[in-house]
Amino acid sequence: MEIKKNDKFIVTIEDMGEDGSGIGKIDGYIWLVKDGLIGDVIEASAMKMKKNYGFARLVRVIEPAPGRVEARCPVARSCGGCQMQELSYEEQLKFKEKKVYNHLKRIGGLEYLFLPGQEKEAEAVDGAVVMEPIIGMEQPWRYRNKAQYPIGPGKDGLPTAGFYAGRTHALVPIPELDCVLGCEENQRLLKVVLDFMAEYHLKPYMEESHRGLVRHVLLRKGYASGELMVCLVINGDQLPHADVLTKRLEKAGVSSVSLSVNKEKTNVIMGDKIINLHGPGYITDCIGGIEYRISPLSFYQVNPVQTERLYHTALEFADLHGDETVWDLYCGIGTISSFLAKKARKVYGVEIIPQAIEDARENAKRNGIENVEFFVGKAEEVLPEQYEKNHVHADVIVVDPPRKGCDAVCLDTIIKMKPKKVVYVSCDSSTLARDVKVLGEHGYMVERVRAVDMFPMSGHVETVVLLVKKR
Ligand code: SAH
């Protein structure tokens, strides 16, 4: 049977892809069906066909998979923010654990790796490593301390906030402005901004024409401090009537209000220039007894509950005794650095964003941490330079790179520096696996692996790996 575009067909979902899409087969041809879950029998509609596989849309579920649950959010399917709301949380955790395992095994070549629960099978294998169970959340909702809402015209023509649909930039408005992953205050704050825009006829930004003013609204909350931040990303140099908005947000309990100027035709959300309108230009938060200040441009983990667990896992893997020199590459505002500093002799942090390093230095001061030093720059430039010029040494190197993983030069320098241990914190297990393979070829063996679910309802997963130098 040949299936053409828009044809409907019945298929059983047998597997799930990287992004959580269901995978089924008909006559050997592979169909990727977004929102299809392993075990579902569904009716699907063909959307786009390639030589070896095609994309289809879920029309209706005929027989639900055992893990299928009802989504909390009415736009869970169309909105690109969540990929797995219809899978029970327990099954989401299993899926993520398996994803990390598959990457490390297939891309990383770790033949000696086993899933949690496979202790028996592992016994027979020399040097076997059993992954530690994934750390999930007790309450996997409203966990995000940060939201960046694109602003666009709503159905009634008035500005609204939403998220982009999966692969496109079509705006899916958030029902009642209340995303179930964001904090409760967001709805109220978005309403203040959108009402203000409507009242003063301020236009949302339009990507196609590069016209309009307000591109995104960034909201952040310090979960421990309760402090709120609002930053409007604008396609212009100023916001008309900014004083009115500032007063209203102040009244709504916001302690930091700012503008980020972004006039480029780009997918990058924030512009480099920040105009402060109210407050000190940052909010504060606290993780594991350490206080942090966070500026609009600084990276800060989005899930504070899981972040603390992630950092404890990294610290446990590093197993410091007090006399070590540690490098924390991709350090952001120095959060992991300060956790490490409590147990090490000296910690050096490296980070590319200057504002984040300003925050990192201030955070160290604020917490009376004196044994850290920070460098602004690319890890792949700062580390080789420090190693070649100043012959710096490392007992342990911690890396926490963005999704694309570590740069080859960075890995190469790590290998030359010969630290006893590398603790790799990763938000993309495929690039982690690629880098683990390189380190493995130079004598670093994986000893511990643990996934942490920082992003419930999405397909993403965080992983911590301990590599130890064996030769
Ligand atoms: N460890 C920190 C930040 C991790 S996110 C935390 O847990 O909060 C990754 C960080 O790497 C971001 O702050 C990003 O700005 C930074 N970054 C991206 N590319 C970089 C590079 N080439 N060199 C150094 N830092 C980089």
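In this predicted model, glutamine 306 is buried, its relative accessible area being 0%. This residue belongs to helix H5, which spans residues 304–318. Two polar partners can be picked out for the glutamine 306 side chain. One is the side chain of arginine 309, with which it makes a polar contact at 2.7 Å. The other is a backbone atom, the oxygen of aspartate 453, which the glutamine 306 side chain reaches at 3.2 Å. Beyond residues up to four places away in sequence, glutamine 306 touches Ile135, Gly136 and Met137, and also Val452, Asp453 and Met454. Aspartate 453 thus appears both as a polar partner and among the residues touched.

Strand S24, residues 462–469, offers two further buried positions to look at, beginning with threonine 463. With a relative accessibility of 0%, threonine 463 counts as buried. Its contacts, leaving aside neighbours within four places in sequence, are Val100, Tyr424, Val425, Ser426, Ser429, Leu432, Val449, Arg450 and Ala451. Leucine 467 is also placed in strand S24. Leucine 467 counts as buried too, because its relative accessibility is 0% and the cut-off for burial is under 20%. Residues up to four places away in sequence again set aside, leucine 467 touches Lys420, Lys421, Val422, Tyr424, Val436, Leu439, Tyr444, Met445 and Val446. Tyr424 therefore features in the surroundings of threonine 463 and of leucine 467, with both of these residues buried. A longer view along the chain comes from isoleucine 107: 360 residues separate it from leucine 467 in sequence, and their C-alpha atoms are 16 Å apart in space.

Helix H9, residues 408–417, has a set of buried residues made up of Cys410, Leu411, Thr413, Ile414, Ile415 and Met417. The cover over these residues draws on both helices and strands. Among the helices are H8 (379–390) and H10 (429–441), and among the strands are S18 (325–329), S21 (396–399), S22 (421–426) and S23 (444–452). Both ends of H9 also deserve a look. At the N-terminal end, aspartate 407 acts as a cap, with a side-chain oxygen 2.8 Å from the backbone nitrogen of valine 409. Just after H9 comes lysine 418, with a positive phi of about 50 degrees.

Lysine 418 is not a glycine, despite that positive phi, and it sits in the loop between H9 and S22. Its relative accessibility of 54% makes lysine 418 count as exposed. Histidine 391 likewise has a positive phi of about 50 degrees without being a glycine. The loop that holds histidine 391 runs between H8 and S21. Histidine 391 counts as exposed, with a relative accessibility of 61%.

A helix pair completes the picture. Helix H3 (residues 185–199) packs with helix H4 (residues 242–251) at an angle of about 155 degrees, and their axes are 10 Å apart. That angle makes H3 roughly antiparallel to H4. The crossing of H3 past H4 is right-handed. On the H3 side, the meeting residues are Leu189, Val192, Val193, Phe196 and Glu199, while H4 brings Val244, Leu245, Arg248 and Leu249. By class, the residues of this contact comprise seven nonpolar and two charged, with no polar ones.

Methods
Residues are numbered from 1 along each chain as its sequence is written. This is a predicted model: local features need pLDDT of at least 70, side-chain atom pairs count only at pLDDT 80 or more; totals for chains, interfaces and linings use all residues. Side-chain values use heavy atoms; hydrogens and water are left out. Axes are lines fitted to C-alpha atoms, for helices over the stretch in contact, and angles run from 0 to 180 degrees between N-to-C directions. Helices (H or I, at least four residues) and strands (E, at least two) are DSSP runs, numbered from the N terminus. Angles under 35 degrees count as roughly parallel, over 145 as roughly antiparallel, 65 to 115 as roughly perpendicular and the rest as oblique. A crossing is left-handed if the near helix is turned anticlockwise from the far one by less than a right angle, and right-handed if clockwise. Contact means heavy atoms within 4.5 Å. Ala, Val, Leu, Ile, Met, Phe, Trp, Tyr, Cys and Pro count as nonpolar, Asp, Glu, Lys and Arg as charged, and the others, Gly among them, as polar. Buried means under 20% relative accessible area, exposed over 50%, partly exposed in between (1.4 Å probe, protein chains only). A polar contact is a pair of N or O atoms within 3.5 Å; within protein, one must be able to donate a hydrogen and the other to accept it, and residues adjacent in sequence count only if both atoms are side-chain atoms.
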